[in-house]
Number of protein chains: 2
Amino acid sequence: MERLSLNQITTRRWSLPEAVAGCAQAGVGWIGLWRDKVAEVGVETAARTVRDHGLRVSSLCRGGFFTGRGPDGPTDDGIADTRAALDEAVALGTDVLVLVVGGVADRDLAGSRRRVADALDQLVPAALDRGVRLALEPLHPVQCAERSVLSTLRQALDLAGPYPPEAVGVVVDEFHVWWDPSIENSIAAAAGRIAGFQVCDELVPLPDPLLGRGLPGQGFVDHRHLRSCVEAAGYDGPIEVEIFNADLWARPGAEVLEEVIASYRTHVAASEPGPVHRSG
Amino acid sequence: MERLSLNQITTRRWSLPEAVAGCAQAGVGWIGLWRDKVAEVGVETAARTVRDHGLRVSSLCRGGFFTGRGPDGPTDDGIADTRAALDEAVALGTDVLVLVVGGVADRDLAGSRRRVADALDQLVPAALDRGVRLALEPLHPVQCAERSVLSTLRQALDLAGPYPPEAVGVVVDEFHVWWDPSIENSIAAAAGRIAGFQVCDELVPLPDPLLGRGLPGQGFVDHRHLRSCVEAAGYDGPIEVEIFNADLWARPGAEVLEEVIASYRTHVAASEPGPVHRSG
């Protein structure tokens, strides 16, 4: 339990103060924050609220969108926005800024990928200066066109390679990488760069490319296997439960958090497999 | 135009005789057949119909489902079914049998992949005996759980590696591989094993993980780039247009085939990019 972190997208109905209080009450010591929720109360209030409840921030989500293309079409300058996010991360007391790099701009996949590499190069000095890691998160290939031309952990490592590990890390999110036939090798190669580990499941059949995620145990992801891989690669930090799911989002945060804790205990933290939760 | 093949799933409303006659009338010399459509008229009738219209069969779809798990749940013995499909391929005059290997059985991804390798090993002698290639088709990772634990071209090449190229080949389907950051390298490494090249586009936003495909030009796939990659790897065979799309399937076959030909000419065959077709 001491490694469990609630990524606050999972309890989307909760405001930041509600999520922080909910975690404190449930004995969850870590929280992964989202910038839109932080912005609702302001960075200073958010930071104070977290501190006052004795919580720690596992990551801030998210910077990026360097290609200029997001799910709603063209995006603003991702570099300027990511610089701002680095400052927010410092204020919130986390050294991990999750990056979603952006989708295919101008129908040019190769060019969009080059923009990501260029942006990273420009941001590394700021990351080192602030002591915050730029944490590249490969997203599921089904989100390539709209959200992320970064699709595999191997590709993230190739991007990170030229920079020191304290400047550029990677996030391993089970939903995005569980299918990858070389994920074990890639995680091993990521030793020293793993800035975060996020767990959830993929619902089968998949109801939606973005929202088709479930609690650990609801799909086919082997959570213990992937946890053992990231641990063998030296990662011993917080484990975020991050679930995009419209049904969960419609329900009261406290109820959702209770299920998050139960599924984490059974399917992620425990050493033996527990009973399978079927999706509703 | 001489390389264009209509994969008959694209004109799903058409029976096999209708699709064959439609191709002949439109000047399309190749057709990719599906076994359910073949079964409706019987293999011998199907073969005679194709011959009588002067068409050639680019591939037969499909064998596989070796893991025991398909989109509708558990599947029958994929090995026996694939042996039968090899015989059908011979009767239909094609040397390419497309394989969809099956999804995750028993919540065991690694074990499911081993079943695929074992099945391939059992089928190679029959393939060599019949002169038909087992054509491994990696499917998009979004279809891993339900349809295919074979997700990348690199993985297909690793599976094919132990066997002669005339026994085990690979199919490059744009929808499934366009996002792959190492697709260029993998296609180059597939030289001598490429048994088929299938084109279509991925609709943006993706309406459905299975049916979210469009005509070439409707999405972000760079068809000329991928065509040049498979050609540089030595592939000069037929190019199938294969589109899973409920709207297309609802429309008359002749109308659909006309659009297939136009989009192929503009976005796949021509040397200069044409105007973009936006999805409706």
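How many degrees of turn lay chain B on chain A, and with what RMSD and shift along the axis? A turn of 180 degrees and a shift of 0.0 Å along the axis lay chain B on chain A with an RMSD of 0.0 Å, the copies being superposed by least squares on the C-alpha atoms of residues with pLDDT of at least 70 in both. That is the relation of a two-fold axis.

The model is predicted; local features need pLDDT of at least 70, side-chain atom pairs count only at pLDDT 80 or more, and totals for chains, interfaces and linings use all residues. Residues are numbered from 1 along each chain as its sequence is written, chains are lettered from A and ligands numbered from 1 in the order in which they are written, and side-chain values use heavy atoms, with hydrogens and water left out.

**View 1. The rotation axis and the contact of chain B with chain A.** B:Val142 is the residue of chain B that comes closest to the rotation axis, with its C-alpha at 3.1 Å. The same surface serves both copies, as 100% of the contact residues of chain B recur in chain A. The contact (heavy atoms within 4.5 Å) takes 28 residues from chain B and 28 residues from chain A.

**View 2. Area and chemistry of the interface.** Between chain B and chain A about 2,500 Å² is buried, with carbon and sulfur atoms giving 66% of this area; buried area is the accessible area (1.4 Å probe) that two parts lose on being put together, summed over both. In chain B, the residues that lose the most area to chain A are B:Arg107, B:Trp179 and B:Phe220, together 28% of what that side buries. Across the interface of chain B and chain A, four residue pairs are in polar contact, both residues at pLDDT 80 or more. A polar contact is a pair of N or O atoms within 3.5 Å; within protein, one must be able to donate a hydrogen and the other to accept it, and residues adjacent in sequence count only if both atoms are side-chain atoms. The count of salt bridges between chain B and chain A is zero, a salt bridge being a side-chain nitrogen of Lys or Arg within 4 Å of a carboxyl oxygen of Asp or Glu.

**View 3. Surroundings of B:His223.** B:His223 is found in helix H9 (residues 223–232) of chain B; helices (H or I, at least four residues) and strands (E, at least two) are DSSP runs, numbered from the N terminus. B:His223 is buried, at a relative accessible area of 4%, where buried means under 20%, exposed over 50% and partly exposed in between (1.4 Å probe, protein chains only). A polar atom of the B:His223 side chain lies 3.4 Å from the backbone nitrogen of B:Gly217. Not counting residues up to four places away in sequence, B:His223 touches several residues, among them B:Glu174, B:Cys200 and B:His267.

**View 4. A:Thr67 in its loop.** A:Thr67 lies between strand E3 (56–64) and strand E4 (69–70) of chain A and is buried, with a relative accessible area of 0%. Its side chain reaches the backbone nitrogen of A:Arg69 at 3.2 Å, and a polar atom of the A:Thr67 side chain lies 2.7 Å from the backbone oxygen of A:Gly103.

**View 5. Positive phi at A:Asp106 and A:Arg107.** A:Asp106 is in the loop between strand E6 (96–100) and helix H5 (109–130) of chain A. Phi of A:Asp106 is near 55 degrees, and A:Asp106 is exposed at 62% relative accessibility. A:Arg107 has a positive phi of about 55 degrees and is partly exposed, at 27% relative accessible area.
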